[in-house]
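Grab a coffee and work through these exercises with the structure open beside you. Each one has a task, then a solution in steps.

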Amino acid sequence: MAVVVFLVAPIMLFLLAYVRTSVPGPTELKTNQVASVLANDGSEITRIVPPEGNRIEVPLSDIPDYVRDAVLSAEDRDFYDNPGFSVSGFARAARDNALGRDSAGGGSTITQQYVKNVLVGTERNVWRKTRELVASAKMARQWSKSEILDAYLNTIYFGRGAYGIEAASRTFFGKHVGELSVSEAAMLAGMIQSPTTLDPATAGDRLQERWNYVLDGMATMGVLSPAERTQVEFPAPLPDDPPDTAPPGPEGLVQRQVVGEMRAAGIDQQQIDTGGLQITTTIDPRAQQAAVDAARSTLEGRPDDLRTASVSIDPRTGAVRAYYGGDDGSGFDFAQAPLQNGSSFKPFALAAGLEQGIGLGATFSSDPITVAGLTVTNVEGESCGVCSIAEATKRSLNTSYYRLMMTMADGPQAIADEAHRAGIPEEIPGLDGRSLSHEGGEPEGGIVLGQYQTRPLDMASAYATFAASGTYHSPYFVQKVTTADGEVLLDRGDPEGEQRIDPAIADSVTQALRPVAGYSRGHDLAAGRPSAAKTGTAQLGETGQNKDAWMVGYTPSLSTAVWVGTPEGGPITADGGPIYGSGLPSDIWKRTMDGALGDSPSESFPTPGPLPPPKSRGDAPVPSPETVVTQERTSARAPAPAPEPEPVQQAPVQQQAPVQQQAPVQQAPVQQQPPVQQAPVQQAPPPVQQAPPPAPAPVEIPPPAPAPPPARQVEILPGVVIPLPG
């Protein structure tokens, strides 16, 4: 009985496929090309269209015989004699599919390859392979060999976005197919087997081996004489220079992240270009429009060199709801640029302290503090005397936070570890070595004041972990990808998070951050919606000017990070003064959040539960809420320059009416600088990232030489003063 089933089943499968499979005529076939990038509501954000001229039809009569022979040598030496399919290849594919082998497939004739690419798709199963076999057999009877070869040569993928032999000739050699040499034709033919891995820019010896295989086959076929074979030299193709096909506006940077994420998930460029893909992203149209409108309207009329980036993430899933890295869709993506954070990094220090049992009620002096010759003060002399770390968080007091770090066991490293747990990647594209470290080693004390660099995407993600009561979700852009015929290539579903921070600690951080938006020049969200936020500002070396300004904050359903700076990392000014986190970044943040959340129900944050038992802190004292910590430990690591300017003299924020979308601001091209660095970007990745503009490295401060009073001093950062040698 088993033998009968084994014999009858394939026959029945073949007959079923024969009845259900039809083959259109040579002029009726069209290959899907355009991929639609959709928002999470199904509306179209943009389209991914293969480069202009990626497929250039040429008649078979214009393709030299030696070019055709090279392709036949590479892919199907029995083309003119076989029935359009390979029975042995089908048997191997059926066997490998049944056994679940990754190598399932292969052994296809040119006719089968063409049928697979334009009729039945690439899914690996016996039914698809049977349909391919049947369609190939029918095509071989209904089409002439010349028609099949013509269609194949005009549609097959060669890499670098080139479909068809004419487009490949222009892409790799800058000439028409009729001008190709035998050597060049053999190289192109050899690449058909695996266009991505056999690209001349990266393949090395593998491509030359394949080239030799093609030429040797041509000699065996009798279309290339032995003398001609020995004279052929390996050709020199053009370098890879991808055409600019990105949309012109912010959606182009979203597309860059989407394509990078799909490639990382195993969806190759050929599938993107020819699959007619429906790519459903996580982008929320209302949130995206709010982010774009907020960025453009806030910077309108401000200095032309100002740039901004904002990223909004759903804390419950990690889905990116809004993404703005700039107005140039093919330019630099500032949402993927590593930048100094200033005081927006303090919540990670607060969480690290909570891990070690230092509660929100622990009190610290806000007086100036001098450690190893460096003096830390607060901006504009701000002080609370002696107050809780919660109050110091609202006021963004550098001195209190520096004392908090000194009280902790291995404070700088504990802060770095907490930030990594929250979601700051340990490796950030564009930065050498481990993030949040000094040259790959342990971090310096300046970490508590935002010395090190992260991206807007990272900050939105890490704050989202606090919003989700300590549960981390990796940020992502692509929810689902389907082909034109309904095959699902990727489906994220509902990603599960990872509990990285105790809920009581994360919720306590949220509790401390709740007053900040209102305290920072009146940036509470509309209609009294609860939020938790922190501003930050980084100073430009010893100039007394600022270069990076931040506002990062969240509700239970949305976490948004906003940065304002310049392409070159220069001074940032507007409205007659320096820009601080409580100024333009907070304006953009509030407008983005209000627009994104709209009239959705207001949500409350959870009440913090009891803190878990503190982690070991060595011999460091655990201050009670009544304890005043004023001791200055000269043995502590000296603070690295890291600024924290906060409330400053800027015009009060006016209540905004719904922002009308403005025309894109014309911007000068971003100057590309040597990387301080992702690619992999933008944001996502990951997604290929241009080199970010360099943020000037913190000034290295040598130990000061002793000087007789009165000592000369210089303020290298807001609140950080060092004596100068006499």
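**Exercise 1. How do the residues lining the largest cavity divide into nonpolar, polar and charged?**

Keep in mind that this is a predicted model. Start with the tally: the lining has 4 nonpolar, 5 polar and 1 charged residues. Next, put names to them: Ile313, Asp314, Pro315, Gly318, Ser461, Ala464, Thr465, Thr471, Tyr472 and His473 line the cavity. Asp counts as charged and Gly as polar, which helps when you sort the list yourself. Now look at where they come from: helix H18 (456–467) and strand S14 (471–472) each give two or more residues to this lining. H18 has the largest share, with 3 residues. Finally, the space itself: its volume is about 40 Å³.

**Exercise 2. Find the disulfide and work out its handedness.**

First, apply the cut-off: the two cysteine sulfur atoms must lie within 2.5 Å. Cysteine 384 and cysteine 387 pass, with their sulfur atoms 1.9 Å apart. The count comes to 1 disulfide. Then check the angle about the S-S bond: at -70°, this link is left-handed. Last, check exposure: cysteine 384 and cysteine 387 are both buried.

**Exercise 3. Which strands stand at the edges of the open sheet with 5 strands?**

Write down the order, S2-S1-S5-S15-S16, with mixed pairing. Strand S2 (44–48) and strand S16 (488–491) have a single partner strand each, so they are the edges, and one side of each has no neighbour in the sheet. From one strand to the next, the twist averages 15°. Now zoom in on one pair: S5 (residues 278–281) and S15 (residues 478–482) run antiparallel, joined by 4 bridges. Here threonine 280 sits opposite lysine 480 of S15.

Terms used. Residues are numbered from 1 along each chain as its sequence is written. This is a predicted model: local features need pLDDT of at least 70, side-chain atom pairs count only at pLDDT 80 or more; totals for chains, interfaces and linings use all residues. Side-chain values use heavy atoms; hydrogens and water are left out. Buried means under 20% relative accessible area, exposed over 50%, partly exposed in between (1.4 Å probe, protein chains only). On a 1 Å grid over the protein atoms alone, a cavity is a set of points where a 1.4 Å probe fits but cannot get out, and a pocket is an open set with protein on both sides within 12 Å along at least five of seven lines; lining residues have an atom within 4 Å of a point. Grid points are joined across faces, edges and corners, and a volume is the space filled by probe spheres set on the points. Two strands pair if DSSP finds at least two bridges between them. Axes are lines fitted to C-alpha atoms, for helices over the stretch in contact, and angles run from 0 to 180 degrees between N-to-C directions.
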